[in-house]
Amino acid sequence: MSELDNANPLVFEITKDRQILPEEEDDSVTDKFDRREIFDLIRVINDPEHPLTLEELNVVVESNIKVDDDKNSVYVEFVPTIPHCSMATLIGLSIRVKLLRSLPPRFKVDVKIAPGTHESELAVNKQLADKERVAAALENSHLLELVNQCLSKRATG
């Protein structure tokens with residue numbers, strides 16, 4: 001990459017880790033997925049351009065997540081840092097892949113750009129909603145490598 005879309009992004013404070021209650025660690029109890037669990041899965045995804053997480057950039061926030069465990073659905077809206085972010089599709093794909101890899105297969109996962117936050121919102125949302133296009137994108141080894149980089153833990157030092 002030659003030039004960053006957003007060279008000086010705003011960095012936000014991250015949420016404190018959630019306290020895990022003893023009953024949540026009990027494997028004999030089936031607890032429902034909630035918004036915070038989904039947020040915890042995706043907040044640590046790395047931004048493709050910066051050494052920051054999607055939470056630190058305020059791209060994902062807990063209030064933009066809807067979970068209906070009974071209906072097996074997860075809906076995430078994300079907000080690119082700038083309206084012409086060229087990485088929006090990659091970010092959405094990374095969120096989608098993280099959830100598909102982390103959640104039971106019964107879940108239908110929808111990932112969209114929040115309305116009015118990106119100039120190509122409709123085109124990106126159409127791509128992210130198309131299972132065949134997502135599957136084809138993940139067959140592209142270069143694109144899959146980029147997604148995996150977003151999902152991998154960065155070394156801290």
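**Note on the predicted model: sheet, helices and selected residues**

1. Three strands make up an open sheet, arranged in the order 1-2-3 with mixed pairing. Strand 1 (65–68) and strand 3 are the edge strands, each pairing on one side only. On average, neighbouring strands of this sheet are turned by 10° against each other, direction ignored. The model described here is predicted.

2. For orientation, the protein chain contains five helices and three strands. Read from the N terminus, its elements follow the order α-β-β-α-β-α-α-α. Of the 157 residues in the protein chain, 38% are buried. Among contacts in the protein chain with a separation of 6 or more, 66% come from residues 24 or more positions apart.

3. The mixed character of the sheet can be followed pair by pair. Strands of a sheet pair through backbone hydrogen bonds, and the pairing is either parallel or antiparallel. Strand 1 pairs with strand 2 (residues 73–78) in the antiparallel sense, over four bridges. Within this pairing, Asp 68 has Ser 73 of strand 2 as its bridge partner, and Ile 65 stands opposite Val 76 in strand 2. Strand 2 and strand 3, by contrast, run parallel and are joined by six bridges. There, Glu 77 has Lys 112 in strand 3 as its bridge partner.

4. Which residue takes a positive phi in the hairpin of strand 1 and strand 2? The residue is Asn 72, with a phi near 60°, and the hairpin has four residues between the strands. Most residues other than glycine have a negative phi. Asn 72 is not a glycine, yet its phi is positive. At 24% relative accessibility, Asn 72 counts as partly exposed, because the partly exposed range begins where the buried range, under 20%, ends.

5. A second asparagine deserves the same check. Asn 58 has a positive phi of about 65° although it is not a glycine. Asn 58 lies in the loop between helix 1 and strand 1. With a relative accessible area of 31%, Asn 58 is partly exposed.

6. Next, the helices against the sheet. The strand 1 and strand 2 pairing, antiparallel over four bridges, is also where one helix makes contact. Helix 1 packs on the sheet and touches strand 1 and strand 2; the direction of helix 1 makes about 125° with that of strand 1. Helix 2 packs on the sheet as well, touching strand 2 and strand 3, and its direction makes about 160° with that of strand 3. Strand 2 is thus named in the contacts of helix 1 and in those of helix 2.

7. How does the length of helix 2 compare with what its 15 residues should span? At 1.5 Å a residue, the expected span is 21 Å, and the end C-alpha atoms of helix 2 are 21 Å apart, so the two agree.

8. Helix 2 has a list of buried residues: Ala 88, Leu 90, Ile 91, Gly 92, Leu 93, Ser 94, Ile 95, Arg 96, Val 97 and Leu 99. Arg 96 and Ser 94 are included in that list. What covers the buried residues of helix 2 includes helix 1, strand 2 and strand 3. The cover also includes helix 3 (121–129), helix 4 (131–139) and helix 5 (141–151).

9. How many aromatic pairs does the structure hold? The structure holds one. The rings are those of Phe 33 and Phe 107, with centres 5.3 Å apart and planes at 85°, so the pair is edge-to-face. The pair links distant parts of the chain, as the two residues are 74 residues apart. Phe 33 sits in the segment before helix 1 (35–42), and Phe 107 in the loop between helix 2 (88–102) and strand 3 (108–113). Phe 33 is partly exposed, with a relative accessible area of 23%, whereas Phe 107 is buried, at 7%.

10. Last, the cysteines. A disulfide is a covalent bond between the sulfur atoms of two cysteines. A search of the whole structure finds zero disulfides. Cys 85 counts as buried at 8% relative accessibility, and Cys 150 counts as buried at 4%.

How values were computed: Residues numbered from 1 in each chain as written. Predicted model: local features only at pLDDT ≥ 70, side-chain atom pairs only at ≥ 80, totals over all residues. Heavy atoms only, no water. Disulfide = S-S within 2.5 Å. Buried < 20%, exposed > 50% of the residue type's maximum accessible area, 1.4 Å probe, protein only. Phe/Tyr/Trp six-rings, centres within 6.5 Å; stacked < 30°, edge-to-face > 60°. Pairing = 2+ DSSP bridges. Axes fitted to C-alpha atoms, helices over the stretch in contact; angles between N-to-C directions. Contact = heavy atoms within 4.5 Å. Expected span 1.5 Å × (residues − 1).
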